[in-house]
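Grab a pencil and work through a few exercises on aromatic rings and overall fold. Each one has a worked solution below it.

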Amino acid sequence: MTREPVLVAYGSKRGGTAEIAEWIGASLRAAHIPTEVRPAREVRSLDGFGAVVLGGALYAGRWHRDARRFARRFGRPLRERPVWVFASGPLDDSTDAGADGNAFGAKSIHKYAARLDARATALFGGRLESTARGFPASAMAKNSAGDFRNRDRIDAWAKDIVAQLG
């Protein structure tokens, strides 16, 4: 039986969320699910994709612009297939403890997840390098630099997607 590929689309400014998308794609491929990982801004059509994982970094409490635009542009076709939504951003380990992160912007992704009838939503810790440039990243890096992404938690979330895809 041929399975339509899964698209993992993402919006990322500094590469941390792009790497999470690649990790999710690798987990799906390890389960023999054909998967393509692409920047959300480069996707022109959902034709040929049976399911979508959409992710984006959180900045100042808002989901990445490319993820928001993708969700709006493909709203109807996304509601016609299985969709999962994730965000990365908190520069601490609060997401590992099960914190919703509403103060950080989880509300933003929950709004889009509801509009897309997403099967699940996840908020993962983010990454900010100490050498980050630009305002406010350089100011934040002085006190909050680090990698707070939990690879085991991300892999577990991806395995749940595999289970739901059957």
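Here are three exercises on this chain, each solved in steps.

This is a predicted model, where local features need pLDDT of at least 70, side-chain atom pairs count only at pLDDT 80 or more, and totals for chains, interfaces and linings use all residues. Residues are numbered from 1 along each chain as its sequence is written, and side-chain values use heavy atoms, leaving out hydrogens and water.

**Exercise 1.** Work out the fold pattern of the chain.

Solution. Start with helices (H or I, at least four residues) and strands (E, at least two), taken as DSSP runs numbered from the N terminus. The chain has six helices and eight strands. Going along the sequence, they read β-α-β-β-β-α-α-β-α-β-β-α-β-α.

**Exercise 2.** Classify the pair of Trp 63 and Tyr 112.

Solution. Rings of Phe, Tyr and Trp (its six-membered ring) pair if their centres lie within 6.5 Å; planes under 30 degrees apart are stacked, over 60 edge-to-face, and the rest tilted. That rule yields five aromatic pairs. For Trp 63 and Tyr 112, the centres are 5.5 Å apart with 40° between the planes, so the pair is tilted. Next, place them: Trp 63 is in strand β4 (residues 62–63) and Tyr 112 in helix α4 (residues 106–115), 49 residues apart.

**Exercise 3.** Are Trp 63 and Tyr 112 buried or exposed?

Solution. Buried means under 20% relative accessible area, exposed over 50%, partly exposed in between (1.4 Å probe, protein chains only). Trp 63 comes out at 0%, so it's buried. Tyr 112 has 4%, so Tyr 112 is buried too.
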